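The following note sets out points for a colleague who is reviewing this entry. The points are numbered and may be read alongside the sequence and the coordinates.

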Amino acid sequence: MSRLFVTGTDTGVGKTIFSFLLMQCLFNKGFHPFYLKPFQTGCTDVDSPDSDARFVYNHIPQLQEQNPAESVVYCFPDPKAPLFAGRNAGVAIDLTRIKAAIEDRQQRFSPVIIEGAGGLMVPVWEKIMMIDLMEMMESLPILVARAGLGT
């Protein structure tokens, strides 16, 4: 259980709320977890009200004095898939940077809770989707889905 990857069926399904609840539960059980959001899209910076990391840090007492910027690898203003949000921002996504961030946090925390962006089939890099990133990062997936017909 060293790396858990929270992903969803789509955008707005509740990945951040689930990640927050998972972090809170793990802290309550005596673990020392870390929340990592490799791609934050749709917000101007990590401290903006739309930032997922800011939300998590604001609502977990153990994190309120910490800097949420430590939890975000890439922050893009456009609310698009990371591949396209990065292109619009003129930033080439480096997957080794994400892997290094995960490995660094894993040395100090357990488990590392990684929250994906959008759904499973969201493009992250050329020919790499969020589902591929989960495997590349050697993490256990947790799928957040809506309670509805066809899910």
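1. Strand β2, residues 34-41, is mostly covered in this predicted model. Of its 8 residues, 8 are buried. It is a suitable starting point for the points below.

2. On one side, β2 is joined to strand β4 (residues 112-119) by 3 bridges, and the two strands run parallel. Within this pairing, Tyr35 is placed opposite Ile113 of β4. Leu36 has Ile114, also in β4, as its bridge partner.

3. β2 also pairs with strand β3, residues 72-76, in the parallel sense and over 4 bridges. Phe39 is bridged to Tyr74 of β3, while Thr41 stands opposite Phe76 in that strand. The connection from β2 to β3 passes through helix α2 (residues 52-59), and this β-α-β crossover is right-handed.

4. As for the sheet as a whole, it is open and is formed by 5 strands in the order β3-β2-β4-β1-β7, with parallel pairing. The edge positions belong to β3 and β7 (140-144), each of which pairs on one side only. From one strand to the next, the twist averages 25°.

5. Is the edge strand β3 enclosed or open to its surroundings? Because 4 of its 5 residues are buried, β3 is largely enclosed by the rest of the structure. A reader should therefore set its edge position, with pairing on one side only, beside this burial count.

6. Two helices pack on the sheet and deserve separate mention. Helix α1 (residues 15-28) touches β1 (3-8), β2, β4 and β7, and its direction makes about 170° with that of β4. Helix α2 touches β2, β3 and β4, and its direction makes about 150° with that of β2. Strands β2 and β4 are thus among those touched by α1 and are likewise among those touched by α2.

7. How do the two helices meet, and at what angle do their axes cross? The axes of α1 and α2 come within 10 Å and cross at roughly 35°; the crossing is right-handed. On the α1 side the contact is made by Thr16, Ile17 and Phe20, and on the α2 side by Asp52, Phe55, Val56 and His59. Classified by type, the residues of this contact are 4 nonpolar, 2 polar and 1 charged.

8. At the other edge of the sheet, Leu143 merits inspection; this residue lies in strand β7. Leu143 and Gly8 are separated by 135 residues in sequence, yet their C-alpha atoms are 5.1 Å apart in space. Leaving aside residues up to four places away in sequence, Leu143 touches Thr7, Gly8, Thr9 and Leu120.

Note on methods: Residues are numbered from 1 along each chain as its sequence is written. This is a predicted model: local features need pLDDT of at least 70, side-chain atom pairs count only at pLDDT 80 or more; totals for chains, interfaces and linings use all residues. Side-chain values use heavy atoms; hydrogens and water are left out. Buried means under 20% relative accessible area, exposed over 50%, partly exposed in between (1.4 Å probe, protein chains only). Two strands pair if DSSP finds at least two bridges between them. A crossover is right-handed if, with the strands pointing away from the viewer, the path from the first strand over the helix to the second runs clockwise. Axes are lines fitted to C-alpha atoms, for helices over the stretch in contact, and angles run from 0 to 180 degrees between N-to-C directions. Contact means heavy atoms within 4.5 Å. A crossing is left-handed if the near helix is turned anticlockwise from the far one by less than a right angle, and right-handed if clockwise. Ala, Val, Leu, Ile, Met, Phe, Trp, Tyr, Cys and Pro count as nonpolar, Asp, Glu, Lys and Arg as charged, and the others, Gly among them, as polar.
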